[in-house]
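Please take a moment to look over the sequence and the model before reading on. The paragraphs below are meant to be read with both in view.

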Amino acid sequence: NQAAAYRDSEKRLNIARQMTLSAIHNIRANLRYYEKRRPCEEFEQAIEAAGACMEATNEVGSVQELMMVEARARNLYFSQFNNILPDEDFTYVKRTKRPPKDAINALISFGNTLLYQTVATEIHKTTLDIRISFVHSAERRAQNLNLDVADYLKPVITDRLIFTLINKEMLHEREDFDESDERVYLNGKGKSIFLKAYEEKLNTVLTIEGHRMTYRSLISHELAKLVRHINQGEK
């Protein structure tokens, strides 16, 4: 059923649209959260632009166009990181991955890798096939579905964790990061702090739709909804 949904362009686009819409919704929610604490015109403009991106997801006719809309929303979001993180030691310039060029990018890459692994572990507990994705092309990597799900959970889990660690001065640029060959990365102490906080985040209890669950069980909850949609057509 999962493979059939992937091969059906309309079904695939529908699933990909909901995942992308969720990602942009969570991006806008983060912007709104920090705009209330540090009001500025840049935040307001980014929130309005993110809303326009959400509307644009209903107008696209392909997964590729959806990914372009999401990329636009993430770039808007990244552009506000210096407003979210006023610590001058953690300045965001642009997204760099291989390798990360500064401490912020090192945190994003490390956090995303952890979340990809966590989602993959939860997928393997279900009947879902991790090779068959809906947003990312199923032909490009051995594992793709975890990227699909992690992408809309990043703002909720890893991004908020990064903001907390920096704004509460739990991580320090000079003490918890190393640099070599134009690559910046968390050192042993920094990784230990991040990993401890990440596990605590996954075990934090929240209430969604009247149900109390941890962030880890939220991932399982999301996967179960995907299974029910694929097998039973549940919205």
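What follows is a walk through some helices, a few of their residues and two loops.

One point should be kept in mind from the start, namely that this is a predicted model. A convenient place to begin is helix H2, which covers residues 9-37. At 1.5 Å a residue, the 29 residues of this helix should span 42 Å, and because its end C-alpha atoms are indeed 42 Å apart, the expected and the modelled values agree. The N-terminal end of H2 is capped by Asp 8, one of whose side-chain oxygens lies 3.0 Å from the backbone nitrogen of Glu 10.

Within H2 we can pick out Thr 20, and ask whether this residue is buried or exposed. Its relative accessibility is 1%, and since anything under 20% is classed as buried, Thr 20 counts as buried. If neighbours within four places in sequence are set aside, Thr 20 is in contact with Thr 57, Leu 66, Glu 70 and Val 135. By contrast with these contacts, the C-alpha atoms of Thr 20 and Val 93, which are 73 residues apart along the chain, are separated by 25 Å.

The next stop is a pair of helices, H3 (residues 41-56) and H4 (residues 63-78), whose axes come within 10 Å and cross at roughly 170°. Angles over 145 degrees count as roughly antiparallel, and therefore H3 is described as roughly antiparallel to H4. Where the two helices meet, Ala 49, Ala 50, Cys 53 and Ala 56 in H3 face Val 69, Arg 72, Ala 73 and Leu 76 in H4, in the sense that these residues are in contact.

Further along the chain comes helix H6, made up of residues 103-123. The same reasoning about length can be applied here: at 1.5 Å a residue, its 21 residues should span 30 Å, and its end C-alpha atoms are 30 Å apart, so the two values agree. At the start of H6, a side-chain oxygen of Asp 102 reaches to within 3.2 Å of the backbone nitrogen of Ile 104. How many of the 21 residues of H6 are buried? The count is 17, and the helix is accordingly described as mostly covered. Asn 105, which lies in H6, counts as buried because its relative accessibility is 0%. Not counting residues up to four places away in sequence, Asn 105 touches Tyr 92, Lys 94, Arg 95, Thr 96 and Pro 100.

Lys 154 sits in the loop between helix H7 (145-153) and H8, and with a relative accessible area of 9% this lysine is buried. Its contacts, leaving aside neighbours within four places in sequence, are with Arg 74, Asn 112, Leu 115, Tyr 116 and Asp 159. The C-alpha atoms of Lys 154 and Asn 26 are separated by 8.5 Å, although the two residues are 128 residues apart along the chain.

From this loop we move on to helix H8 (residues 155-167), whose axis comes within 10 Å of the axis of helix H9 (residues 188-202), the two crossing at roughly 130°. That angle makes H8 oblique to H9, and the crossing of these helices is right-handed. On the H8 side the residues that meet H9 include Val 156, Ile 157, Thr 158 and Arg 160, while on the H9 side they include Ile 193, Phe 194, Ala 197 and Tyr 198. Thr 158, placed in H8, is buried, with a relative accessible area of 0%. Apart from residues up to four places away in sequence, Thr 158 touches Gly 111, Asn 112, Leu 115, Leu 153 and Tyr 198.

The walk ends with two loop residues. Glu 169 is found in the loop between H8 and strand S1 (177-180), and Glu 209 is found in the loop between strand S3 (205-208) and strand S4 (211-214). Glu 169 has a positive phi of about 55° although it is not a glycine, and Glu 209 likewise has a positive phi of about 55° without being a glycine. Are these residues buried or exposed? Glu 169 is exposed, with a relative accessible area of 56%, and Glu 209 is exposed, with a value of 60%.

Methods:
Residues are numbered from 1 along each chain as its sequence is written. This is a predicted model: local features need pLDDT of at least 70, side-chain atom pairs count only at pLDDT 80 or more; totals for chains, interfaces and linings use all residues. Side-chain values use heavy atoms; hydrogens and water are left out. Helices (H or I, at least four residues) and strands (E, at least two) are DSSP runs, numbered from the N terminus. The expected span of a helix is 1.5 Å times one less than its number of residues. Buried means under 20% relative accessible area, exposed over 50%, partly exposed in between (1.4 Å probe, protein chains only). A polar contact is a pair of N or O atoms within 3.5 Å; within protein, one must be able to donate a hydrogen and the other to accept it, and residues adjacent in sequence count only if both atoms are side-chain atoms. Axes are lines fitted to C-alpha atoms, for helices over the stretch in contact, and angles run from 0 to 180 degrees between N-to-C directions. Angles under 35 degrees count as roughly parallel, over 145 as roughly antiparallel, 65 to 115 as roughly perpendicular and the rest as oblique. A crossing is left-handed if the near helix is turned anticlockwise from the far one by less than a right angle, and right-handed if clockwise. Contact means heavy atoms within 4.5 Å.
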